[in-house]
Amino acid sequence: MITDSQLPMIPMPNLNDTHIEEMVIIKKLSEAALDDQVELVQKTLQELLKYMSLHFFDEEDLMEEALFPALHAHKSEHDKQLHLLQTIMKEFGKIKDVSLVISYVQDNLIPWIIRHIQTMDETMALYLQPEADAQKA
Ligand SMILES: [Fe+2]
Ligand SMILES: [Fe+2]
């Protein structure tokens, strides 16, 4: 599991906070799964879906407002990840096997988040920075 200091930072403080907060939920999910707490895993998957949907929606809203040229490519990455999470939730609901969630978090979700922040979120932040600065003021 990565620590907050290993999470890539972008030049938009609000979004960094969102990413850190999301990582807190992912840590909770991972711990519940390693502890074989099926109900808590289910609850935390719901919490993650809700948080991740808002996180992605906020970014898409900012990109839309700023007419960011790569909006559709960025949104399609978000949509794919939300779809995968929903697929994992459905499957987990059926088989209730925590190893499914453990491998999803370690092999897919965390590497994806790090790569996504370093590439797409970073590019977006550099483009949006004037708006982000205006928002802070
Ligand atoms: Fe993000
Ligand atoms: Fe993003």
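**Exercise 1. The length of α2**

What span should the 28 residues of α2 have at 1.5 Å a residue, and how far apart are its end C-alpha atoms?

*Solution.* The structure is a predicted model, and every value below is computed from it. The expected span is 1.5 Å times one less than the number of residues. For the 28 residues of α2 this gives 40 Å, while the end C-alpha atoms are 41 Å apart, so the two values agree. A parallel check can be made on α3, which has 25 residues. From the first C-alpha to the last, α3 reaches 36 Å, close to the expected 36 Å. For α1, with 22 residues, 32 Å is expected and the end C-alpha atoms are 31 Å apart, which agrees.

**Exercise 2. The two sides of α1**

Determine which residues of α1 are buried, and how they are arranged about the helix axis.

*Solution.* Step one is to list the buried residues: Leu-15, His-19, Ile-26, Leu-29, Ser-30, Ala-32 and Ala-33. Step two is to look down the axis of α1, where the buried residues fall within an arc of 160°, so they line one face of the helix. Step three is to examine the face turned away from the buried side, which carries the exposed residues Asn-14, Asp-17, Ile-20, Glu-21 and Val-24.

**Exercise 3. The packing of α2 against α3**

Describe how α2 and α3 pack, and name the residues that make the contact.

*Solution.* Two packed helices are described by the angle between their axes and the distance between the axes. For α2 and α3 the angle is about 170°, and the axes are 11 Å apart. Angles over 145 degrees count as roughly antiparallel, and α2 is therefore roughly antiparallel to α3. On the side of α2, the contact residues include Val-41, Leu-45, Leu-48, Met-52, Phe-56 and Met-63. On the side of α3, they include Leu-71, His-74, His-78, Leu-82, Leu-85, Met-89 and Phe-92. Some of the α2 residues just named are also buried, among them Val-41, Leu-45, Leu-48, Met-52 and Met-63.

**Exercise 4. The nonpolar cores**

Identify the residues that touch the most other members of the largest nonpolar core, and the helices that supply this core.

*Solution.* In soluble globular proteins, nonpolar side chains tend to be buried together. The largest nonpolar core here has 14 residues, and those touching the most other members are Leu-29, Val-41, Val-101 and Val-105. At least two residues of this core come from each of α1 (13-34), α2 (38-65) and α4 (98-136). The greatest contribution is that of α4, with five residues. There is also a second, separate core of eight residues, which includes Ile-10, Met-12, Leu-15 and Ala-125.

Two members of the largest core may be followed further. Leaving aside residues up to four places away in sequence, Val-41 touches Leu-29, Ala-32, Ala-33, Phe-92, Val-98 and Val-101. Val-101 lies in helix α4 and is buried, with 25 other C-beta atoms within 10 Å. With residues up to four places away again not counted, Val-101 touches Leu-29, Ala-33, Val-41, Ile-88 and Phe-92.

**Exercise 5. A partly exposed residue of α4**

Is Met-120 buried or partly exposed, and what does it contact?

*Solution.* Met-120 is placed in helix α4. A residue needs 20 or more other C-beta atoms within 10 Å to be buried. Met-120 has 19 such neighbours and therefore counts as partly exposed. Apart from neighbours within four places in sequence, Met-120 is in contact with His-74 and Glu-77.

**Exercise 6. Positive phi values after the helices**

Locate residues just after α1, α2 and α3 that take a positive phi, and describe the surroundings of those in the loops.

*Solution.* Most residues other than glycine have a negative phi, and most peptide bonds are trans. Just after α1, Asp-36 takes a positive phi of about 60°, although Asp-36 is not a glycine. Asp-36 is found in the loop between α1 and α2 and is partly exposed, with 13 other C-beta atoms within 10 Å. Just after α2, Leu-67 has a positive phi of about 50°. Leu-67 belongs to the loop between α2 and α3 and is exposed, with 8 other C-beta atoms within 10 Å. Just after α3, Lys-96 takes a positive phi of about 50°.

Technical notes
Residues are numbered from 1 along each chain as its sequence is written. Chains are lettered from A and ligands numbered from 1 in the order in which they are written. This is a predicted model: local features need pLDDT of at least 70, side-chain atom pairs count only at pLDDT 80 or more; totals for chains, interfaces and linings use all residues. A nonpolar core is a set of buried Ala, Val, Leu, Ile, Met, Phe, Trp, Tyr and Cys residues joined through C-beta atoms within 7 Å. A residue is buried if 20 or more other C-beta atoms lie within 10 Å of its own, exposed if 12 or fewer, and partly exposed in between; C-beta atoms are placed from the backbone. Helices (H or I, at least four residues) and strands (E, at least two) are DSSP runs, numbered from the N terminus. Two residues are in contact if their C-beta atoms, placed from the backbone, lie within 7 Å. The arc is that of the directions from the helix axis to the C-beta atoms. Axes are lines fitted to C-alpha atoms, for helices over the stretch in contact, and angles run from 0 to 180 degrees between N-to-C directions. Angles under 35 degrees count as roughly parallel, over 145 as roughly antiparallel, 65 to 115 as roughly perpendicular and the rest as oblique.
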